[in-house]
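Thanks for making the time this morning. I would like to walk you through one model, from the whole chain down to a few residues, so please have the viewer open.

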Amino acid sequence: MNRAAAETEPSAFFSGSYRPEDVKILLKPISVEPIGIAEKERLIQSGRRHYSEMLSPENLPSPRYMEIFRKAFALNRRRMALDLLNLAAIIAARRNDEITLVSLARAGTPIGVALKHILQRFFSRDAEHYSISIIRDRGIDTNALRFILDHEARFESGIVFVDGWSGKGVIARELRKYAHEFNVRHGTRLDYTLFVLTDLAGVGIAPSDDDYLIPSSILNSTVSGLISRSILNEQIGPNDFHGCVYYREFEAHDLSTWFIDEIVKAVSERIEEGHTPSPKPVDPISARCRSQRLLEDLRARFGIADENLIKPGIGEATRVLLRRVPERVIVRDEKDPAVAHLLQLAREKGVVWTTELTLPYRAVSLIKGITDA
């Protein structure tokens, strides 16, 4: 083990609120003073601060929102279970020996936890699961990657990068760029393909490219091990993992292990019904073209110069309403149960929403451009 690996070795593995055997979260728990959403948006858009340096306050969802989440989970648990089962089949077919799931915190974390259970229980494949940080414009946590390879002695050929979904494909492109740089620097041959449940942007490998409601996408920490999104600020030293906040105060409301147990139960039901998992991923070309056409149309119609202000798909649209300053929400069908939580958030926050029957996704959120940033 080299010196850098020794310096990044934690005294005890951190698993958030998950069971220790479910995931090793390679993030450094830190304290961060929250900053208001509007002020954070001004700092981001002015270029004075990077989004990864700050966190806005995270609050528990309202009772009405939780009621909608429960309904959304009931409606979508079978679909999510099917895609998890098929994604596990795709991964099992592409990794002959050991499997090392490396989920991208935090949207990818529950996906990685579920996949580990499914691979072990239904495919008889041993799998380890680590969750690490990747940050737009800042890259992947190379200390975490080196820890997995050097300290944990996992074979690079078994590593599988996992996330929940693709929106515009930004994270897949970041992964490709920074993992390639890691390979060049360290003489490794990591496969930097991104495996997701649904690939809206056509940039990875997935069993689906449908914009459906992945239930874990509409909650924050209480379905993701009680961790915040990853942080890279002055508290993170050169040998540290990227940081996160652990929301201990939400422990009484945590659904993380409940969610995994319920999803794995739904997978078991699918197997008992006779479903045969498919190791064939969806062709990404049509999704890629659809994504590019939509982005071009929205940029032109709304005069948007910065593509980062466009968030397509239910998962990304929800994130905007939870932690950014929305300009508007566009939905394809306001009566669609899959967007009920978005409309509830829009009502709670006073955000304008409109309906477009020709929208290729179920929802899109636009972030407000701060003119006086």
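I will begin with the overall fold, go on to the nonpolar cores, and end with two residues.

Please keep in mind throughout that this is a predicted model. The protein chain has 10 helices and 15 strands, and its radius of gyration is 20 Å, close to the 21 Å that the globule rule gives for 373 residues, so the chain is as compact as a globular protein of that length. If you orient it along the principal axes, the C-alpha atoms fill a box of roughly 55 × 50 × 40 Å.

Of the contacts between residues at least 6 apart in sequence, 79% join residues that are at least 24 apart. Buried residues account for 57% of the 373 residues, while the area that the chain exposes is about 15500 Å², with carbon and sulfur atoms supplying 47% of it. As for charge, there are 51 positive and 51 negative charges, and their mean positions lie 3 Å apart.

Now to the interior. In soluble globular proteins, nonpolar side chains tend to be buried together. In this model the largest nonpolar core has 74 residues, and those with the most contacts inside it are Met-80, Leu-84, Leu-101 and Leu-115. Several elements give two or more residues to this core, among them α3 (63-94), β3 (99-104), α4 (109-122) and α7 (256-272), and the largest share, 14 residues, comes from α3. There is also a second, separate core of 24 residues, which includes Leu-145, Leu-149, Ala-172 and Val-196.

Which residues does Leu-101 touch, if we leave out those up to four places away in sequence? The list includes Ile-91, Leu-115, Leu-119, Ala-127, Val-160 and Val-162, but also Lys-116, Glu-128 and His-129.

One of those partners, Ala-127, is found in strand β4, and because its relative accessibility is 0%, it counts as buried. Beyond four places in sequence, Ala-127 touches Ile-99, Leu-101, Lys-116, Leu-119 and Gln-120. Ala-127 and Gln-292, which are 165 residues apart in sequence, are 35 Å apart in space, C-alpha to C-alpha.

Finally, is Leu-75 buried or exposed? This leucine lies in helix α3, the element that gives the largest share of the main core, yet Leu-75 is exposed because its relative accessible area is 57%, and the cut-off for exposed is over 50%. Its C-alpha atom is separated by 8.5 Å from that of Pro-337, although the two residues are 262 apart along the chain.

Notes. Residues numbered from 1 in each chain as written. Predicted model: local features only at pLDDT ≥ 70, side-chain atom pairs only at ≥ 80, totals over all residues. Heavy atoms only, no water. Helix = DSSP H or I, 4+ residues; strand = E, 2+ residues; numbered from the N terminus. Rg over C-alpha atoms; globule rule 2.2 N^0.38 Å. Buried < 20%, exposed > 50% of the residue type's maximum accessible area, 1.4 Å probe, protein only. Contact = heavy atoms within 4.5 Å. Areas by Shrake-Rupley, 256 points an atom, 1.4 Å probe, with all protein chains shown as cover. Lys, Arg positive; Asp, Glu negative; His and termini not counted. Charge placed at Lys NZ, Arg CZ, Asp CG, Glu CD. Core = buried A, V, L, I, M, F, W, Y, C linked by side-chain atoms within 4.5 Å.
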